[in-house]
Amino acid sequence: MKTLMQLEGITKVYGEGDLSVEALRGVNLEVGVGDYLAVMGPSGSGKSTLMHILGLLDSPTAGSYLLDGEEVASFSRRKLAHLRNQKIGFIFQNFNLLPKASLLRNVELPLLYGGMGRKERRQLAYEALAKVGLADRARHRPNELSGGERQRGAIARALVGRPAVIMADEPTGNLDQQTGIEILELFDELRAGGQTLIIVTHDPSIAARARETIRIVDGLILPNGQKAAA
Amino acid sequence: MNPAQFLREGFVEIREHLGRTVLQTLGVILGVASVVATLGMTASMDARRDQYFRESGGTLLMGVYNQPPGELELTARQRAKTGLKLEDAAAIRDTFDGFDLVVAEINRNHMVRAGATGESYRITAFEPEFKEMRNLHMGSGRYITAHDMETAAAVVVLGSTRARELFGTADPVGKAVNIDGRAYTVVGVTKEMVFYFQRSDTYNPHEWLNRLIVVPITSYMKRHQEPGAERIDELNLRLRSPEVHKESRDALEQLLRSRHGIEDFGVWDRKERIDQGESEGKIYNITFLACGIISLLVGGIVITNIMLASFTERMREVGVRKALGATGWQVFVQFLIEAIVVTVLGGAVGLALGIVFTWGIMNVMQMDMTLTPLMVMVAVLSAAVVGFFFGLYPAVRASRLDPVVALRYE
């Protein structure tokens, strides 16, 4: 299997001197193309930090991160923004749709920043919304939609640019159980289509759907098979 | 993202926050309005002044009058040389081509009788070109002519006010007038000249033209002066073009000084006075403009403040945009264009308001309003400049936001 992301000795330190906090203490991780990976761990374990680094929102203090074979530590902010736009699709616990914009405009945003023309953008955004079953909701604003619809809209936004990997941070955290299951079924479909997925969660039932689960505690990934303390 | 996309994003943002936008633009609206009103007022008053000059012979008129130096003791020989004479007019005509009209003038008070009425009036002796110089029109009859000059004819042209005073409502043309015991015939009456700077004015700056009693200068010299004197009171001149103003005036003064031996004359110069008036007017304009600029600055500060105040509310938005791949530059441009779109819209409203202000002020002053393209340009440009400079800081701050921090912000 082709390697998409390769992390070696990644550390992340917040603050300086006595007040510094080590969020990650030497993480090694490999994610292949088409993987469905769950990252589990208790609050404060460093799983969000790991996700931010994987998603190029944050840079590690030390260590090597190869994305598609390229070392990202050397990249400029501009190049990182471009890579986020092209290779990564984000899904957040609280959806993070722009509240005053229609669902369609929200889904178009990544394409807008990618420099795509209006007509093509619209076309692809509709297709993405159709994929998550929201084609008839395109003109609605987020506050006119249910939680499940909002999250499906966010998924449409994450996948509209055909990213190499979709990263979801507690995607069902703000949803009721039934709706959460619907979202997870949507992930299963994406996975079946060959989409690489990384889900950060503390819910074992979600992790159970992933093909592979890593556990992270105190800034370190536990060896396979070892139970997390949480 | 291309500029059109940024612009569209800006408009969407404004439509989504209409209330905030209106608040933001108030300062800019008022600032632009006062700048526009200032420009409108000065443009209107300038237009009125230009009309005044145009109606009364243009901006290129100049005149020389006698102004004997007070303290100097002159010898008889010197005295004979001083004072304006008819030959001075001829010398100016012959020496330079900077003046296209030269008119000698004599002014004296004489007893004037017409029928039963008799009163002391000022008599003005002119050369015929005065009509062209002052843009006069005839109410009836004709003006004095070159032929009148050659023959020293006993003819007189009355201003409309004098004609009314001497002859009432009857047409004076062909009637006799007695000036200081000499008989003259009225050959024409000039049309009444009226001009008011404001519609409610009672002062007519052209009225002196209506009060002229004009005779040919040769006729006057023959009948009312000792032979050989040929002294005149004033020389009226018109420049050929504004470009020759300075050199012609200098040459004129130099010529008269050398002919008279001393500086015994004064010069009035319409162009010089207008130029001075313009620089004085500038001081008022600058005062008004400064007020406008200060309110524009205040408006700009309001924009910065409101953008920063709404900043926390928009932090999450910036975080999301960055997570989706917006570069710092794109966020910067988005915020900046938003600010500029807001201020330019405010500028457009301010322009309309400023025109209404101008109209109101001009109405109170009872003057007509004049609008210039400059007003539109200044309104739009100053608004855009304010948007640019006062949008810079919020835009820079937004562009530098760390996406992780911005996304976590609640």
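# Strands, helices and contacts in chains A and B

Reader: Just after H2(B), which residue takes a positive phi?
Author: The model is a predicted one. The phi in question is about 105 degrees, and the residue that takes this value just after H2(B) is Gly57(B).

Reader: How far apart are the end C-alpha atoms of helix H2 of chain B?
Author: Helix H2(B) covers residues 18-55, which makes 38 residues. At 1.5 Å a residue the span should be 56 Å, so the value found in the model can be set against that expectation. The two agree, the end C-alpha atoms being apart by 52 Å.

Reader: On which residue is the kink in H2(B) centred?
Author: Helix H2(B) runs from 18 to 55. The kink in H2(B) is of about 40 degrees, and its centre is Thr25(B).

Reader: Which strands stand at the edges of the open sheet in chain A?
Author: The sheet has 4 strands in the order S2-S1-S4-S5, with antiparallel pairing. An edge strand has a single partner strand, so one side of it is left without a neighbour in the sheet. In chain A this applies to S2 (21-32) and S5 (70-71).

Reader: Which residue of S2(A) stands opposite Thr3(A)?
Author: Strand S1(A), residues 3-14, runs antiparallel to S2(A), and 9 bridges join the two. Opposite Thr3(A) in S2(A) stands Gly32(A).

Reader: Is strand S8 of chain A largely enclosed or open?
Author: Strand S8(A) spans residues 196-201. Thr196(A), Ile198(A) and Val200(A) point one way, Leu197(A), Ile199(A) and Thr201(A) point the other way, and all are buried. Because 6 of the 6 residues are buried, the rest of the structure leaves S8(A) largely enclosed.

Reader: What is the bridge partner of Met167(A) in S8(A)?
Author: Two strands run parallel to S8(A): S3(A), residues 36-40, is joined by 5 bridges, and S7(A), residues 165-169, pairs over 5 bridges. From S3(A), Tyr36(A) has Leu197(A) as its partner. For Met167(A), the partner in S8(A) is Ile198(A).

Reader: Is Asn96(A) buried or exposed?
Author: Asn96(A) lies in the loop between strand S6 (88-91) and helix H3 (103-113) of chain A. Its phi is near 55 degrees, a positive value in a residue other than glycine. A residue with 20 or more other C-beta atoms within 10 Å is buried. Asn96(A) has 22 such neighbours inside 10 Å, so it counts as buried.

Reader: How many other C-beta atoms lie within 10 Å of Ala152(B)?
Author: Ala152(B), in the loop between helix H6 (146-151) and strand S5 (155-158) of chain B, has a positive phi near 50 degrees. Ala152(B) is partly exposed, because the number of other C-beta atoms within 10 Å is 16.

Reader: Which helix gives the largest share of the side of chain B that touches chain A?
Author: The contact takes 17 residues from chain B and 19 residues from chain A. Helices H1 (3-16), H12 (311-323), H13 (328-364) and H15 (403-408) of chain B each supply at least two residues of the side that touches chain A. That side divides into 7 nonpolar, 5 polar and 5 charged residues. The largest share, 6 residues, comes from H12(B).

Reader: How far apart are the C-alpha centres of domain 1 and domain 2 of chain B?
Author: The domain assignment gives domain 1 as 3-54 + 276-408 and domain 2 as 68-263. Their contact takes 5 residues from domain 1 and 6 residues from domain 2. The C-alpha centres of the two domains of chain B lie apart by 56 Å.

Notes
Residues are numbered from 1 along each chain as its sequence is written. Chains are lettered from A and ligands numbered from 1 in the order in which they are written. This is a predicted model: local features need pLDDT of at least 70, side-chain atom pairs count only at pLDDT 80 or more; totals for chains, interfaces and linings use all residues. Two strands pair if DSSP finds at least two bridges between them. The expected span of a helix is 1.5 Å times one less than its number of residues. The bend at a residue is the angle between axes fitted to the seven residues ending there and the seven starting there. Two residues are in contact if their C-beta atoms, placed from the backbone, lie within 7 Å. Ala, Val, Leu, Ile, Met, Phe, Trp, Tyr, Cys and Pro count as nonpolar, Asp, Glu, Lys and Arg as charged, and the others, Gly among them, as polar. Domain bounds come from an automatic or database domain assignment. A residue is buried if 20 or more other C-beta atoms lie within 10 Å of its own, exposed if 12 or fewer, and partly exposed in between; C-beta atoms are placed from the backbone.
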